[in-house]
Amino acid sequence: METEATRSILPLLAFALPIVAAVLTVPAQRVSEHARAALLLVVAAAVAAVALVLAAGVASGTVYDTYILQLTPQIWMYLRVDAAGALFGATVAVLWLLALVYSLGYMREEHRLGRYYGFFILCLSWTMGLAYAGNLLTFLIFYELFSILTYPLVVHEETPEAMAAGTKYIVYILFGGTLVLLAIVLTFFSAGVQTFTAGGILSPETDPSMLQVIFWCFLGGFGVKAALVPLHGWVPDAHPAAPAPFSAVLSGVMVAAGSFGIIRTVFQVFGTSLLTSMGVMPYVTGVAGFTVLFAAALAVNQDNLKRRLAYSTISQMAYVVLAVSLLGPESTVGALVHITNHAFMKGGLFLCAGLFIRRLGAYNVQQLDGAARRMPITAACFAIACLGMIGTPPLSGFTSKWYLGLGMLETEKPWLLAVLLGGALMAAIYLLPIVYRMYFREPVITPEDRTVAEGREAPATMLGPLVAATAITLLLGIGASLPGMPVALARMATDAFFH
Amino acid sequence: MTSWPPLLVLFVLTPLVGAVLTPAVSDASGRRSWEWALGTMLLTSAMAGALIMRVLDEGPFSYVVGGWVAPYGIELRFDEFSAFVAVVCLLGLLAVIFSRHYARDALAPGRIPYYYTLLLLNMTGMIGFIVTGDLFNLYVFMEILSLSAYALVAISGEKTAEMAAFKYLVMGAVSSLSILFGVGLLYALTGSLNMADVTGRLAGSAEAPLVLAFAALTLGFMVKSALFPLHIWLPDAHAIAPSPVSAVLSGLVVKVGILGMLRVYQIAYGSGAIDLSGLNLMLTWLGAISIVMGAFFAVFQDDIKMMLAYSTISNIGYIVMGLGLASPYSLIGASVHVFNHALIKATLFLGAGALIHQTGRRTLTGLAGVGRSMPLTTAAVSIGAISIVGIPPTAGFLCKWYIALGAMQAGEPLFAVALVFGALLIFVYYIRMVNAFYFRKPQEAGAPAVHEAPATMLVPVLILAALCLVMGVLGRLPLSFIEPAVTRLLAPLGGG
């Protein structure tokens, strides 16, 4: 039995405030650029504060909910903040705030800023709604809205490459969205509209072939967003095309939204016992395990830094699906924590990539030779995030992989440790050479191109968010076991899932 | 006032009288005829509001003209499906408002009064068709509607417009004959033309003529609705007509076929004299094919109105598929989409009309970069595009959701798959449109500087775009009266 929910206006605020801000962006920029920046910052900070308050409340045992609108006589749009949602919501809101601050510096000389900021803050709203959605239809609404309304951000540069990447993105994502819609129609038909419930809403008496269809539609649909091979094609193109701060949230939380959808589906639509009896999870383990290694292998070969990081995202987010597929409590804790940890590590890495582009004109790994001398702070942040990504203790990446490894042993699949360690090893292979180049190589300076020679550290608007992301990565690692940290929330969510 | 019986008669007569008098009150500039048409539409809309209040209060009601009861006299009937007049009046009103500048620039001054006459006659036909309880009157009003539509397509006087109108006329005349034939057969079988009366008398009729009658009616109505493969007249007629006319044709006039089918179903299910499962199967398949074919052809169009016209074929496919599946959910979905598609398609056509009027270009290539100079119009068109693809929570989503559920309910899950993937195909061509508006640079240097359309064009488009969103998030409003109507329609079948 679920705990009684407390009616609260806070979840509503978290998704309504950014909409207001998006609407006000255009009038605000008529006043001045500063007014627009102030508006966006205040709203993003307020959303982050709301998300943290909700997370703190949930950590102390409350569940919040709110009804928004009655869509049809049967279906309400309904928000419900449980432990999993609160953790994801807080991750989203904080990373978004950092990316927004970074944008103020990074995007200064870009075109069409009204459109960029309007959609950037609007997508925060949809992602918060996604995190707090209390039933499948609400989840679908936010999922579709944010899939489609991120399109202007992906193609922001309007270059032919960006347009091509945008087309690829929208086709993949809409295909996935269609599968999710189909799955939700089938679920509604089989079980009616129901709040996400631990233990599942689908009855075990449902026609087994129907259950199989629903499951694979969900997995295929969310798998596109979570970038499971072979549905990952949009990720390596969209990331290099998008502006760096948007790449950071794209990799940090949007790919994770697919994994989050899979978590909701597995634990709160089907439930562990039903899935065990359906016998589908070993296949998911196989797909996810393959994705971890395959994407990591592809990452080694990429020269474009953002592309390499994009493949790394595919590989890392597959860990989450791998962990979920084990259906064990420890691995589920690892999955939820890894979403948060990965968001800040990968977010940080993309923010670094943006700085290298802006300050050094460096898009490729080879151009980063000797970068540490010109940009010591950025390089240090990059190195820390790389180590975290590989899973070096005591950084946050280690925490999540520790739980994942425990889960593998707990569910008696020790051979999967090979995937876990193999992925980490590959991460070292594709990330550490970059660190080596930055610290131990001499920069190649050609007379025509002075940017490499003259590059300096970025101003505080860009460096600040990067340092903050790195600090969060350190904190999440060192302070992992403190109360109120992601591990505690993930533990609460897992206890509910396996109750 | 709301229950004053003759109101229903006045409701049909007002636009008719208004239409006839338009040329008489007009002045040289055509300004007076616009004011007159606007006044007529406002009055008609007010009556529609009063009638809908009453049907919500009391349920369906009817008015027997002159006290002559069936089968001798004429009966006007207003039920929940008749609530479509709300959309008819709203779109008619907005189309008239939109026409103020549009007609002045697109038509010769001498034709403007007749343009408004035809538009009002078209409204008369729609309204009469929807509220009549009599099969022969159904045919008469349909002819008023069709003839005024042919003339409206041709009104610009251009060669292509005349050709399109002629093509439309030929197909339309054949379909009208087919419907007349069906009505005649029903009269021969029952000796009555009143729908309720016919329903009561049909039981026990010989099967062969009955099948023939329903086949003739279905064929006729499906031509009017442009169901594949009877759609060939539609793209030219809808693309070439003046934009407010396109909005009325695509939003309302093609729905006549659907509403006609709903009346046919009311008779067939109510009498229980005929088993329609074969017909339903055919409609489901043709609907599915229409969805895919409409989307497929639209992808290759560069002309923005041509794209929208093909999209109407797809959307009629949704609705017909919903009718054919004949389960409660799918009928709800089809009925809701009759309303919502009218709003969405009117948004798109009026928006496209404003773009064409301001820029003088109608191809996607020519319209590249127009989002910068006309941000409000392109935003409205984009909302319409998102809505017609059925992205939640816009108005188009309800149809997709209910018809997909209906396909499950009817035990035909593959049609649910066809439906959602058809929508995916449709998105492909709308993304091209959005790309052209916002993300492509203007092709030609020195393109004329354009700005937003005048308020008479912009405001209708914005109202409609807002409705595309509102009808999605407040979907339960139309559903609250469509659900009982569908339940009643299916009640004779048992279960339901």
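Guide: In this predicted model, the angle between two helices is taken between their N-to-C directions and runs from 0 to 180 degrees, with axes fitted to C-alpha atoms over the stretch in contact. On that scale, helix H7 (residues 160-191) of chain A and helix H9 (residues 234-241) of chain A pack at about 140 degrees, and their axes are 9 Å apart.

Visitor: Why are H7(A) and H9(A) called oblique to each other?

Guide: Their angle is about 140 degrees. Roughly antiparallel requires an angle over 145, and roughly perpendicular covers 65 to 115. The pair fits neither range, and is therefore oblique. In addition, H7(A) passes H9(A) in a left-handed crossing.

Visitor: Which residues of H7(A) and H9(A) meet?

Guide: From H7(A) come A:Glu161, A:Ala162, A:Ala165, A:Lys168, A:Tyr169, A:Tyr172 and A:Ile173. From H9(A) come A:Trp234, A:Asp237, A:Ala238 and A:Ala241. By class, this contact has 8 nonpolar, no polar and 3 charged residues.

Visitor: What makes H10(B) and H14(B) roughly antiparallel?

Guide: Helix H10 (residues 243-253) of chain B and helix H14 (residues 328-359) of chain B cross at roughly 165 degrees, and their axes come within 8 Å. Angles over 145 count as roughly antiparallel, and H10(B) and H14(B) therefore receive that name. The crossing of H14(B) by H10(B) is right-handed. Among the residues in contact are B:Ser243, B:Pro244 and B:Ala247 of H10(B), together with B:Ala342, B:Phe349 and B:Ile356 of H14(B). The contact of H10(B) with H14(B) divides into 9 nonpolar, 5 polar and 1 charged residues.

Visitor: Why is B:Val434 called buried, and B:Met171 partly exposed?

Guide: A residue is buried if 20 or more other C-beta atoms lie within 10 Å of its own, and exposed if 12 or fewer do. B:Val434 has 21 such atoms, and is therefore buried. B:Met171 has 19, which places this residue between the two limits, and therefore B:Met171 is partly exposed.

Visitor: Where do B:Val434 and B:Met171 lie, and what do they touch?

Guide: B:Val434 belongs to helix H18 of chain B. Leaving aside residues up to four places away in sequence, B:Val434 touches B:Ser382 and B:Ala385. B:Val434 and B:Thr378 are 56 residues apart in sequence, with 8.3 Å from C-alpha to C-alpha. B:Met171 is in helix H6 (residues 159-190) of chain B, and with the same exclusion it touches B:Val223 and B:Trp233. From B:Met171 to B:Leu91 there are 80 residues in sequence and 25 Å in space, C-alpha to C-alpha.

Visitor: Which members of the largest nonpolar core touch the most other members?

Guide: That core has 404 residues, and those that touch the most other members are A:Val47, A:Leu87, A:Val185, B:Leu91, B:Val153, B:Leu343 and B:Leu419. Helix H3 (residues 83-106) of chain A gives the most to this core, with 19 residues. Beyond four places in sequence, A:Val47 touches A:Ala14, A:Leu17, A:Pro18, A:Ala93, A:Leu124 and A:Met128.

Visitor: How many residues does each chain bring to the contact between chain A and chain B?

Guide: Chain B brings 24 residues and chain A brings 22 residues. On the side of chain B, helix H17 (395-409), helix H18 (413-439) and helix H20 (476-490) each supply at least two residues. The largest share, 9 residues, comes from H18(B). This side of chain B has 19 nonpolar, 3 polar and 2 charged residues.

Note on methods:
Residues numbered from 1 in each chain as written. Chains lettered and ligands numbered in written order. Predicted model: local features only at pLDDT ≥ 70, side-chain atom pairs only at ≥ 80, totals over all residues. Helix = DSSP H or I, 4+ residues; strand = E, 2+ residues; numbered from the N terminus. Parallel < 35°, antiparallel > 145°, perpendicular 65-115°, else oblique. Left-handed = near helix turned anticlockwise from the far one by under 90°. Contact = placed C-beta atoms within 7 Å. Nonpolar A, V, L, I, M, F, W, Y, C, P; charged D, E, K, R; others polar. Core = buried A, V, L, I, M, F, W, Y, C linked by C-beta atoms within 7 Å.
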